[in-house]
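Hi everyone, thanks for coming. I'd like to walk you through one model today, starting with how its helices pack and then moving on to the ligand and a few backbone details.

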Amino acid sequence: PPPADQPTGTTPPRDFPMRRACPFSAPQEYAALRAEEPVARVTLPTGRPAWAVTRYDDVRALLSDPRISADIRRPNFPALGVGEQEAGARLRPFIRTDPPEHTRYRRMLLPEFTVRKVRAMRPTVQDLVDGILRDMLAGPQPVDFVASYANAVSTSVICGLLGIPRENLEFFRDVTRVSGSRTSTAEEVAEALNGLFTLLSDLIAQRREDPGEDLLSKLVTEHLLTGDLTMHELLSTVGITINAGRETTTSMIALSTLLLLRRSDLMEQLRAEPSLMPSAVEELLRALSVADSIPLRIAAEEIELSGRTIPADDGIIGLLAGANHDPDRFPDPETVDFHREDNPHLAFGHGMHQCIGQQLARLEMEIALQTLIRGVPTLRLAVPYEEIVFKHDSATFGVEKMPVAW
Ligand code: HEM
């Protein structure tokens, strides 16, 4: 029988995270959870208990509920790895803070990511992508698509915006790989972040002397030198912007390309009708939901969701892939439909932490996919599909390595 403090019908806690059987969809268990136990007890890799929320309406309600906190310093915060928990508590990236602190950081960055600002970046992003594709095509085959294209695009764009030299594409990738991995120890995460901060500190010192037009110069002159931000806060803010902006976008570009290579019908639709791209991007964001378990929260007060009472101080995860595959919100959710009209997906989260870089991410995906479809009609996998390695142990789901040829 269930423990006395649990309602009847409650199953024992399941292990979380759950693994994707199909890389292009949510873990299969989410469908059963949505139907039978939409707010379910889970056990995290750290051994901590938490609640997993899988229905669209519940995830939306949760992420805009003022009674939840994203403060990683709270005991029971449901970080998925020991390294993430310790580094987060020390560094306090603003994605894991609450107002008023969160509001202060967010206000500094928001003006840089408006629809208008991002629209103006289109020619620059197109130039960067054209150059990356040209370099890839000039190099030997096969080549790892993740490193040579997906990561190159996302890292170059974010580095270009911040004004960080992009010669170290692999360096940034390694930092995120270690800091976003559930299996990294606290020491490994600290070492990776220290490497990043050393590089950033040198650039900040240089910007103090000789500011330019880039975002880093702006943060230095308008916020560091005025005393609004300490050096530690500036490093943490720039660090989270790089980390948040890179891995997610890399994953979306690589996984979307892999899906298009597997589904020639979808590839053909985009080739025949390029104006379909914006709605295709939204559908790919919904279907692939790579940032599934990024929204980690903790109940600051008792909360009721789908008839279940979550006590104060319990960890909660709003599963975005769960929400985005909820058949009550998205008819036929397992079908990737580039003509889907009503698509209010939660791939960028919801509420006060909703992704700051979402317009930029959309632009990058659109340009990266369009340029590839137009420029390399013969693109193909250079190994059998079964040999593609996926990232199951990372905060963001993605493709580890994807050898391609053309
Ligand atoms: C927050 C997803 C690209 C910067 C988030 C959140 C999600 C997300 C789900 C909310 C996390 C939460 O509620 O705890 C994605 C996806 C992307 C993407 C799927 C690519 C397809 C980007 C880019 C940037 C960026 C390109 C920056 C240039 C951020 C930042 C936050 C955030 C700074 C924290 C916002 C806050 O806490 O207020 N992202 N993101 N993201 N994202 Fe993104």
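Let me begin with a definition: a crossing of two helices is right-handed if the near helix is turned clockwise from the far one by less than a right angle, and left-handed if it is turned anticlockwise. Please also keep in mind that what you see is a predicted model.

With that in hand, take helix 10 and helix 11, which cross in the right-handed sense. Helix 10 covers 215–224 and helix 11 covers 231–262. Their axes come within 11 Å, and the crossing angle is roughly 150°. Angles over 145 degrees count as roughly antiparallel, so helix 10 is roughly antiparallel to helix 11. Which residues meet here? From helix 10 we have Leu216, Leu219, His223 and Leu224, and they face Met231, Leu234 and Val238 of helix 11. By class, that contact has 6 nonpolar residues, 1 polar and no charged.

Between those two helices there is a loop, and Thr226 sits in it. Is Thr226 buried or exposed? Thr226 is exposed, because it has 9 other C-beta atoms within 10 Å, and 12 or fewer counts as exposed. If you look from Thr226 to Asp202, 24 residues away along the chain, their C-alpha atoms are 19 Å apart.

Let's stay with helix 11 and look at another partner, helix 13, residues 277–288. Here the axes are 11 Å apart and the angle is about 100°. That makes helix 11 roughly perpendicular to helix 13. Met252, Leu255 and Ser256 of helix 11 meet Leu284, Leu285 and Leu288 of helix 13. This contact is made of 5 nonpolar residues and 1 polar, with no charged.

The third pair is helix 6, residues 122–138, with helix 15. Their axes are 10 Å apart, and they pack at an angle of about 45°. That angle makes helix 6 oblique to helix 15. The crossing of helix 6 and helix 15 is right-handed. Helix 6 brings Arg122, Val125, Gln126, Val129, Asp130 and Leu133, while helix 15 brings Leu363, Glu364, Ile367, Ala368, Thr371, Leu372 and Gly375. This contact divides into 7 nonpolar, 3 polar and 3 charged residues.

Now for the ligand. How many residues surround the ligand? There are 26, and the closest are Gly245, Thr248, Gly349, Cys355 and Gly357. Helix 11 and helix 15, the latter spanning 358–375, each supply at least two residues of this shell. Helix 11 gives the largest share, with 7 residues. As for chemistry, the shell has 18 nonpolar residues, 7 polar and 1 charged.

One of those closest residues, Gly349, also turns up around Leu320, which touches it. Leu320 lies in helix 14, residues 320–324. With 28 C-beta neighbours inside 10 Å, Leu320 counts as buried. Leaving out residues up to four places away in sequence, the contacts of Leu320 include Val59, Ser289, Asp292, Leu346 and Ala347. Ala347 is 27 residues from Leu320 along the chain, and their C-alpha atoms are separated by 6.1 Å.

Last, some backbone details for those of you who like to check the geometry. Most residues other than glycine have a negative phi, and most peptide bonds are trans. Here are four places that depart from that.

Two are peptide bonds. The bond from Phe16 to Pro17 is cis, with omega near 0°, and Pro17 is in the loop between strand 1 and helix 1. The bond from Gln141 to Pro142 is cis as well, with omega near -10°. Pro142 lies in the loop between helix 6, which we met earlier, and strand 5.

The other two are phi angles. Arg92, in the loop between helix 3 and helix 4, has a positive phi, near 55°. Arg92 counts as buried, with 20 C-beta neighbours inside 10 Å. Asp313 has a positive phi of about 75° and is found in the loop between strand 8 and strand 9. Is Asp313 buried, partly exposed or exposed? With 15 C-beta neighbours inside 10 Å, Asp313 counts as partly exposed.

That's my tour, and I'm happy to go back to any part of it. Thanks for listening!

Terms used. Residues are numbered from 1 along each chain as its sequence is written. This is a predicted model: local features need pLDDT of at least 70, side-chain atom pairs count only at pLDDT 80 or more; totals for chains, interfaces and linings use all residues. Helices (H or I, at least four residues) and strands (E, at least two) are DSSP runs, numbered from the N terminus. A residue is near a molecule or strand if its C-beta atom, placed from the backbone, lies within 6 Å of it. Ala, Val, Leu, Ile, Met, Phe, Trp, Tyr, Cys and Pro count as nonpolar, Asp, Glu, Lys and Arg as charged, and the others, Gly among them, as polar. Axes are lines fitted to C-alpha atoms, for helices over the stretch in contact, and angles run from 0 to 180 degrees between N-to-C directions. Angles under 35 degrees count as roughly parallel, over 145 as roughly antiparallel, 65 to 115 as roughly perpendicular and the rest as oblique. Two residues are in contact if their C-beta atoms, placed from the backbone, lie within 7 Å.
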